[in-house]
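Here is a brief report for a reader meeting this structure for the first time. Please look over the sequence and the model before reading on.

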Amino acid sequence: MLLRNIFLCLLPVGAMALELSLPTANQTLFAPGAEEQFFQGTAGHDWRSGQYGCVRSEGRQYHEGMDIRCLQRDRRGEPTDSVLAVADGEVAYVARVAGQSNYGRYVLVRHDWNGVEVFSLYAHLRDIASGLRAGHPVKRGQPIATLGYSGTQNISRDRAHLHFEICFQLNRNFAAWFAPRLSQGDRNDHGNFNGINFQGIDPAAVFLAARRDPRMNFREYMEAQPVAFTVLFPARRAPLSWMRAQTWCIVNGPEPAPVTAYEVWFMAEGVATFVRPRWDVAPAGWTVEGVNEIALNTLAGRPLVAQNGKRGDWTFTQRGAELMEMLSY
Ligand SMILES: [Zn+2]
């Protein structure tokens, strides 16, 4: 361990920077005022509806990634844009059957960005590179698929686009948690790589930050994200899978007594960025400890916690309670 630490200290700082490039040849994200050439809006709506966030149905509907416009088509009008890995990583999952989810054909690539386990997700693909399999290493800029309009939501061909996410896997044992919750006749074809088990953050913001700062460190980027709410987890219902995957966010202190709770800080999306053991509290269940309403309102159309009208205290919404269950399983 000591040797490893010495080795890390000798690495040049530049080698630790996040090297990132956009997933198609469409680079207009970086051209100020050219947003409508980059984002593909939904039917009848402008480019804003192709952005990440609560951008649909007057802000009530949440879009977990960004939709990138198609640039090239063949003579029959089919999209031909290559889809490229945004950074070095390892293929985590390949979904080749278009009709098994609203993502259609999709690929998940796992990355280690400055110690943070993060995934890039490429969806609605027309086809996927033959031979691409889970476990294969990929390089930044490597073609992995072709942009398309596959999925169960009937995207029209003229709205062919890449749905792209930068996301986090909520629980490595998701499939076991989800199995008894499936409605009758329903199946989970994607195991732990079901979209329900991934939580996206704003991908355009990550690309723009990396563009502004070529020495960007993704761990520092995550640590700087506004905290929307903090939760106390009883020690016996700790978010263990998350803590194992995201060791960067755990702050260990001296342990004067057995740990009775974990304090977890969340972005409005529900991504945890800080975990700290506690000895001074023993909550019976998940408890909202604090709320930053300004940060929470950045995703007002999809709240995970809400204020009780009469008493004024904060509790989990149904979606928030489900997230706590998934993280604690
Ligand atoms: Zn989309």
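## Two domains

In this predicted model, the C-alpha centres of domain 1 and domain 2 lie 27 Å apart. The contact between them takes 19 residues from domain 1 and 14 residues from domain 2. Several elements each supply at least two residues of the side of domain 1 that touches domain 2. They are β1 (53-56), β2 (61-63), β7, β11, α3 (174-178) and β12 (198-201). By class, that side of domain 1 has eight nonpolar, eight polar and three charged residues.

The bounds come from the domain assignment of the protein. Domain 1 covers 18-212, and domain 2 covers 226-328.

## Overall build

The secondary structure comes to eight helices and 18 strands. The radius of gyration is 21 Å, and the globule rule gives 20 Å for 329 residues. The two values are close, so the protein is as compact as a globular protein of that length. Along its principal axes the C-alpha trace spans about 70 × 55 × 40 Å.

Of the 329 residues, 39% count as buried. Take the contacts with a separation of 6 or more. Residues 24 or more positions apart account for 65% of them.

## The largest nonpolar core

The largest nonpolar core has 84 residues. Those with the most contacts inside it are Y106, V107, L121, Y122, L125, I144 and F266. Strand β7 (residues 116-125) gives the most to this core, with seven residues. Domain 1 (18-212) and domain 2 (226-328) both give residues to the core, so it lies between them.

V107 shows some of this packing in detail. Setting aside residues up to four places away in sequence, V107 touches V91, V94, Y122, L125, I128, L132, I144 and A145.

## A sheet of three strands

One open sheet has three strands, in the order β4-β10-β8, with antiparallel pairing. β4 (82-84) and β8 (127-128) stand at the edges. Each has a single partner strand, so one side of each is left without a neighbour in the sheet.

Two bridges pair β8 with strand β10 (residues 143-146) in the antiparallel sense. Here I128 stands opposite A145 in β10. Both I128 and A145 are also among the residues that V107 touches.

## Strand β3

In a regular strand the side chains alternate between the two faces of the sheet. Strand β3 (residues 66-69) can be read residue by residue. M66 and I68 point one way, while D67 and R69 point the other way. All four are buried.

Which strand does β3 pair with? Four bridges join β3 to strand β11 (residues 161-169), and the two run antiparallel. D67 stands opposite H163 in β11.

## Strands β13, β14 and β16

Strand β13 pairs with β14 over six bridges and with β16 over four. Both pairings are antiparallel. V231 stands opposite V264 in β14. In β16, the bridge partner of L232 is T287.

W265 is found in strand β14 (residues 261-266). Is W265 buried or exposed? The cut-off for a buried residue is 20 or more other C-beta atoms within 10 Å. W265 has 22 C-beta neighbours inside 10 Å, so W265 counts as buried. Leaving out residues up to four places away in sequence, W265 touches V227, T230, A272, T273 and F274. L232 is 33 residues from W265 along the chain, and their C-alpha atoms are separated by 9.1 Å.

V291 lies in strand β16 (residues 287-291). V291 has 17 other C-beta atoms within 10 Å, so V291 is partly exposed. Apart from neighbours within four places in sequence, V291 is in contact with F229, L296, V305 and W314. V291 and A228 are 63 residues apart in sequence, yet 5.8 Å apart in space, C-alpha to C-alpha.

## Helix α8

Which residues of helix α8 (residues 318-328) are buried? They are G320, L323, M324, M326, L327 and S328. These buried residues pack against two helices, α3 and α6 (240-245). They also pack against the strands β13 (229-234), β17 (305-307) and β18 (314-316).

Key:
Residues are numbered from 1 along each chain as its sequence is written. This is a predicted model: local features need pLDDT of at least 70, side-chain atom pairs count only at pLDDT 80 or more; totals for chains, interfaces and linings use all residues. A nonpolar core is a set of buried Ala, Val, Leu, Ile, Met, Phe, Trp, Tyr and Cys residues joined through C-beta atoms within 7 Å. A residue is buried if 20 or more other C-beta atoms lie within 10 Å of its own, exposed if 12 or fewer, and partly exposed in between; C-beta atoms are placed from the backbone. Domain bounds come from an automatic or database domain assignment. Two residues are in contact if their C-beta atoms, placed from the backbone, lie within 7 Å. Two strands pair if DSSP finds at least two bridges between them. Ala, Val, Leu, Ile, Met, Phe, Trp, Tyr, Cys and Pro count as nonpolar, Asp, Glu, Lys and Arg as charged, and the others, Gly among them, as polar. The radius of gyration is taken over C-alpha atoms; the globule rule is 2.2 Å times the number of residues to the power 0.38.
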